[in-house]
Amino acid sequence: MTSQATHFRLPLITLALAAAFASAQAADTIKIGVAGPFTGGSSSMGVSMRDGVRLATEEINKAGGVLGRQIELVERDDEAKNERGVQIAQELINKEKVAATVGYINTGVALASQRFYQEAKIPVMNNVATGSAITHQFDTQPENYIFRNAAHDSIQAPMIVEEAVTRRGYKKLAILADSTNYGQLGRQDLVKALELKGMKPVAEEKFNIKDVDMTPQLLKAKEAGAEAVLTYGIGPELAQIANGMTKLGWKVPIIGSWTLSMANYIDNAGPGGEGARMPQTFIQEPTTPKRQSFIVSYLKTFNPKNSRIDSPVSAAQGYDSVYLLAAAIKQAGSTDGPKIKAALEDLKTPVDGVVTTYNKPFTKTDHEAITANIPVFGEVKGQRVVYAYEADFKKASEVRVKDVNAKGALTAVKK
């Protein structure tokens, strides 16, 4: 009797174990780290990026996930601090066992943190930080795990100079840049871009994060006869530049890096911030079906103030970064870091993104998805960013795709 009972019980136990195993497999998620500043002065970029990442992840998971598994985001606020970024990187790698990480808003945080991913052979997709050195930090090593789908500063700086010198005819230009890695590396790229035009800035001034009085820097620029001010900083301090000009009664154009599109520049500068121009990979206009769908979903899901994404570029690039990683994991058939990296370097299927259609966005020696032909100029107008040039707006439905031969980027970092 006991023997017979055992005989009938064994298949039931086997079935139960199989069911438990299947359940465990279903619960086995693919962990993706999300690192960025969700508080502080950089938070409009960080939160917008994070929300774009969340939106893409929700869409992918609803469609069945990747490799039959759901993506699980492991989000961490790096507070735009290098040391915090380092702690987070180690935690995501060693404790959370992420397959990859997306994010980094601040160049300094990226440069301090991503060496841990390089050592662990885990890919990082920089979706906002633009310092030219970011994807070249490990050029001397045989393998590079650092990728980017943002327009790096060696693209932006020549665009800024071209706008100021060629399009608008200014001959005396001042540079105001913050003291962070982002600001100072960007300043260097601006100086190089001016040198290619046979020019030097009439003033180069530095300011710190949280500075609220730019009078000394602006007076030096004014006394040097600057006809326009070129900027590299983030929203709150950039707003202080615009406000300082208003106080001095000295209004010259502000032309700077993409961060002039941040909500905390536009809102804090008010009328004084109008007319500022900056390179943009994405402007909040439904110029393609993909962009329209993204904008509608983003506004419905997150309900930002005045139906304006705080940092449209950050949101769009955050969204695209997840789809790029998902495509690589699917192609690799694995969450193994070296296999994901190899797939990213040879993506077989185009990825339809918000910024662009990513067709072979990376190779083994080129980890930059964005080339100089993709960004356009935005302008602050009516408390939001619009296309600066009507010609760009009229052609916005034509998706600009990667062109490695596109002219405009500084040759110093081309590979």
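**Note on the predicted model: aromatic cluster, cores and sheet**

1. F294 and Y298 lie 4 residues apart in helix 10, so about one helical turn separates them. The coordinates discussed here come from a predicted model. Y298 has a relative accessible area of 3% and is therefore buried.

2. Confidence comes next. The mean pLDDT of the protein chain is 93, and 92% of the residues score at least 70. Residues 1–10 have a pLDDT below 50, and this stretch makes 0 contacts in the model beyond near neighbours in sequence. For residues 12–26 the pLDDT is again below 50, with 0 contacts beyond near neighbours in sequence. Where pLDDT is low, the predicted coordinates should not be read in detail.

3. On the aromatic side, the structure contains 8 aromatic pairs. In one of them, F282 with F294, the ring centres are 5.7 Å apart and the planes stand at 80°; the angle is over 60°, so this pair counts as edge-to-face. F282 sits in the loop between strand 10 (277–280) and helix 10 (289–302), while F294 belongs to helix 10, so the pair ties together parts 12 residues apart in sequence. Both partners are buried: F282 has a relative accessible area of 3%, and F294 has 1%.

4. F294 also forms an aromatic pair with Y298, with 5.9 Å from centre to centre and 50° between the planes, and this pair is tilted. F282, F294 and Y298 belong to one aromatic cluster together with F302, Y319 and Y323.

5. How many residues make up the largest nonpolar core? It has 77 residues, and those with the most contacts inside it are I32, L173, L190, L230, F294 and L344. F294 thus appears both in this list and in the aromatic cluster. Helix 11 (residues 312–332) supplies the largest share of the core, 10 residues. A second, separate core has 29 residues, among them A203, L238, M278 and Y387. In soluble globular proteins, nonpolar side chains tend to be buried together.

6. Two of the core residues can be followed through their contacts. L344 touches P123, M125, F147, L324, L325, A328 and F362, leaving aside residues up to four places away in sequence. L230 is located in strand 8 (residues 228–232). With a relative accessible area of 0%, L230 is buried. Under the same exclusion of residues up to four places away, L230 touches I160, V161, A164, L173, A174, I175, L176, L190 and I255. L173, one of these contacts, is 57 residues from L230 along the chain, and the two C-alpha atoms are separated by 7.0 Å.

7. An open sheet is formed by 5 strands in the order 2-1-3-4-5, with parallel pairing. At its edges stand strand 2 (71–77) and strand 5 (146–148); each has a single partner strand, so one side of each lacks a neighbour in the sheet. From one strand to the next the twist averages 25°. Strand 1 (residues 30–36) pairs with strand 3 (residues 100–103) over 4 bridges in the parallel sense. Within this part of the sheet, V34 stands opposite V102 in strand 3.

8. Helix 4 (residues 107–120) packs on the sheet and touches strand 3, strand 4 (124–126) and strand 5. The direction of helix 4 makes about 155° with that of strand 4.

9. Further along the chain, strand 13 (residues 376–381) and strand 14 (residues 384–387) run antiparallel and are joined by 4 bridges. G378 stands opposite Y387 in strand 14; Y387 is also one of the residues in the second core. The two strands form a hairpin with 2 residues between them. In the turn, G382 has a positive phi of about 65°.

10. Which residues other than glycine have a positive phi? N306, with phi of about 60°, and K360, with phi near 55°, are two examples. Most residues other than glycine have a negative phi. N306 is in the loop between helix 10 and helix 11; its relative accessibility is 57%, so N306 counts as exposed. K360 is in the loop between strand 12 (357–358) and strand 13; its relative accessibility is 39%, so K360 counts as partly exposed.

Terms used:
Residues are numbered from 1 along each chain as its sequence is written. Side-chain values use heavy atoms; hydrogens and water are left out. pLDDT is the predictor's confidence in each residue, from 0 to 100. Contact means heavy atoms within 4.5 Å. A nonpolar core is a set of buried Ala, Val, Leu, Ile, Met, Phe, Trp, Tyr and Cys residues joined through side-chain atoms within 4.5 Å. Buried means under 20% relative accessible area, exposed over 50%, partly exposed in between (1.4 Å probe, protein chains only). Two strands pair if DSSP finds at least two bridges between them. Axes are lines fitted to C-alpha atoms, for helices over the stretch in contact, and angles run from 0 to 180 degrees between N-to-C directions. Rings of Phe, Tyr and Trp (its six-membered ring) pair if their centres lie within 6.5 Å; planes under 30 degrees apart count as stacked, over 60 as edge-to-face and the rest as tilted.
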